[in-house]
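Student: Could you show me how to read helix packing and backbone angles in a model?
Tutor: Gladly; let us look at it together.

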Amino acid sequence: MTDVAALAPLDAAVADRLSAGLSDGVFSTPAEGYLVEPRGRYRSAAPILARPRSVAEVATLVRACAAERIGIVPYAGGTGLVGGQVQTAGAPALLLSVERLSAIRDVDPVDNVMVAEAGVILATAQAAAEAVDRLFPLSLAAEGSARIGGNLATNAGGVQVLRYGNARDLCLGVEAVLPDGSILNGLSRLRKDNTGYDLRHLLIGSEGTLGIITAASLKLFPRPKERLTAVLAVATPAAALEVLNRVRDRIGETLTAFELIAERSFQFLTEQMPEVAQPFATPPPWAVLLEAGSGAGAGLEARLMPALEAALEDGLVADAVIAQNAAQAAAFWAVRETIPEANRRIGAVSNHDISLPVARLPAFIEEGEAAMAAFDPSLRVNCFGHLGDGNLHYNVFAAAGRQRRDHEHQRSAIKRILHDLVDTMGGSVSAEHGIGRLKRDDLARYGDPGKLAAMRAIKAALDPHGIMNPGAVFAD
Ligand SMILES: Cc1cc2nc3c(=O)[nH]c(=O)nc-3n(C[C@H](O)[C@H](O)[C@H](O)COP(=O)(O)OP(=O)(O)OC[C@H]3O[C@@H](n4cnc5c(N)ncnc54)[C@H](O)[C@@H]3O)c2cc1C
């Protein structure tokens with residue numbers, strides 16, 4: 001590995017040299033919004049923000065940074081939850097935002113491909129697909145701010161992974177500037193292309209450590225013409241899992257989302273965001289938000305009803321509400337999508353984005369709760385997430401009336417207890433948010449040594465001076 005300490009600090013004189021060959025106004029002093037991250041845990045000291053206007057300008061900048069040994073922290077929408085976009089230590093690096101690379105170069109409903117630049121906001125990409133009666137299925141609560149470059153760099157997941165996969169599965173090719181300033185022209189539209197190493201998959205999920213994604217060709221899908229959205233009250237996560245299996249048996253691949261919501265999620269919403277309408281008068285111990293979509297005339301509700309009725313009869317489901325119109329479906333989703341904001345307002349002592357083999361989720365929830373109670377019974381767990389993907393957002397909060405700072409000293413112990421449990425049960429300590437700066441030590445602790453060695457070799461080969469996102473992903 002390269003020695004990050006060997007990077008030179010960025011100052012005004014260096015920035016002056018870096019600006020050679022760039023259009024006016026690429027450099028500025030970053031406004032406050034660029035320096036903080038959504039959970040307020042990290043603060044960047046980036047002295048200078050670069051907002052290049054073209055791929056050629058990105059390449060010019062990267063080449064100059066490589067020559068001057070200046071680090072670069074790529075930045076897209078700034079919604080990342082693991083501090084990947086926020087440099088906290090080391091020689092001050094250049095914060096390089098892709099926001100001005102915001103063109104949708106093509107939307108092709110025949111190839112079912114969209115070519116979007118890295119600065120396109122996710123919701124804008126979704127709307128561009130919709131305009132040609134297609135679906136770009138990546139969907140997450142931060143979609144109004146997160147950008148395609150950041151989505152790919154973090155291999156984002158979201159609420160439709162069950163059917164459509166992660167960002168990785170939705171990408172046919174990338175264009176990127178590599179750490180020596182060369183341009184990788186990989187905007188393939190091909191579904192089949194076995195011509196050597198597939199470099200798109202190196203860059204996707206690399207969190208800015210191997211290069212800067214400047215554009216991507218993205219897969220489009222038919223827009224579901226019929227949708228079914230329902231909220232079910234269930235007694236336990238095990239019951240929710242049984243319902244998932246039964247629902248899948250009935251409606252198969254049309255199932256797009258199967259989200260688990262804890263009673264505490266509803267309580268936190270009532271407390272922090274009472275304006276959000278909730279589906280049940282009294283929050284159930286657990287709930288499931290499910291969605292299915294298909295072509296016209298599939299009769300989803302009629303196909304699903306026998307499974308739901310049987311689940312009600314068998315006591316797996318206590319109550320079920322099926323959305324009767326788009327507004328009601330949106331209201332159900334609003335509940336799910338505002339849970340992270342309610343959590344943010346309270347301020348978790350510790351957040352965990354974890355995944356497990358789906359069958360082990362109920363056991364993990366039970367054992368995790370018991371482990372937290374044994375550690376400090378005053379802590380409150382709010383656990384929700386993408387049950388169908390085995391992905392939980394397992395967040396630990398202070399008791400009502402106490403602050404997260406009262407428990408700050410317990411944070412690393414909480415993390416260790418939960419991540420050890422995840423690891424023992426064959427899970428992952430980062431399901432969809434990435435490693436960033438938050439989970440570097442976890443990657444070093446739980447990562448497979450063979451994988452880590454290969455990652456270091458790839459990093460050293462592509463980025464020998466260690467300029468790309470110094471301090472992210474790797475513990476040293
Ligand atoms: C309310 C809320 C809900 C969320 N829900 C989800 C969810 O359901 N699923 C999920 O997966 N995530 C979720 N996230 C996390 C976040 O939205 C995603 O990780 C998103 O993909 C980040 O995109 P961004 O544009 O904001 O990237 P940024 O935060 O700007 O950057 C993220 C990382 O990617 C790197 N990077 C950015 N742009 C590039 C580029 N062009 N080339 C190379 N590297 C780059 C950065 O250096 C950083 O390491 C949520 C976040 C919030 C605040």
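Student: Are helix 8 and helix 10 roughly parallel or roughly perpendicular to each other?

Tutor: First, this is a predicted model, where local features need pLDDT of at least 70, side-chain atom pairs count only at pLDDT 80 or more, and totals for chains, interfaces and linings use all residues. Residues are numbered from 1 along each chain as its sequence is written. Two packed helices are described by the angle between their axes and the distance between the axes. Here helix 8 (residues 263-272) and helix 10 (residues 326-346) pack at about 70°, with axes 9 Å apart. They are therefore roughly perpendicular (65 to 115 degrees).

Student: Which residues of helix 8 meet helix 10?

Tutor: Contact requires C-beta atoms, placed from the backbone, within 7 Å. Ser265, Phe268, Leu269 and Gln272 in helix 8 do so, facing helix 10 residues including Val335, Ile339 and Ile346. The residues of this contact divide into 6 nonpolar, 4 polar and 1 charged.

Student: And what is notable about phi in Arg69?

Tutor: Most residues other than glycine have a negative phi. Arg69 has a positive one, near 60°, and is found in the loop between helix 2 (55-68) and strand 3 (72-75). Asn469, not a glycine either, has a positive phi of about 45°.

Student: Is Asn469 buried or exposed?

Tutor: A residue is buried with 20 or more other C-beta atoms within 10 Å of its own, exposed with 12 or fewer, and partly exposed in between. Asn469 has 29 such neighbours, so it counts as buried, whereas Arg69, with 16, counts as partly exposed.

How values were computed: Axes are lines fitted to C-alpha atoms, for helices over the stretch in contact, and angles run from 0 to 180 degrees between N-to-C directions. Helices (H or I, at least four residues) and strands (E, at least two) are DSSP runs, numbered from the N terminus. Angles under 35 degrees count as roughly parallel, over 145 as roughly antiparallel, 65 to 115 as roughly perpendicular and the rest as oblique. Two residues are in contact if their C-beta atoms, placed from the backbone, lie within 7 Å. Ala, Val, Leu, Ile, Met, Phe, Trp, Tyr, Cys and Pro count as nonpolar, Asp, Glu, Lys and Arg as charged, and the others, Gly among them, as polar.
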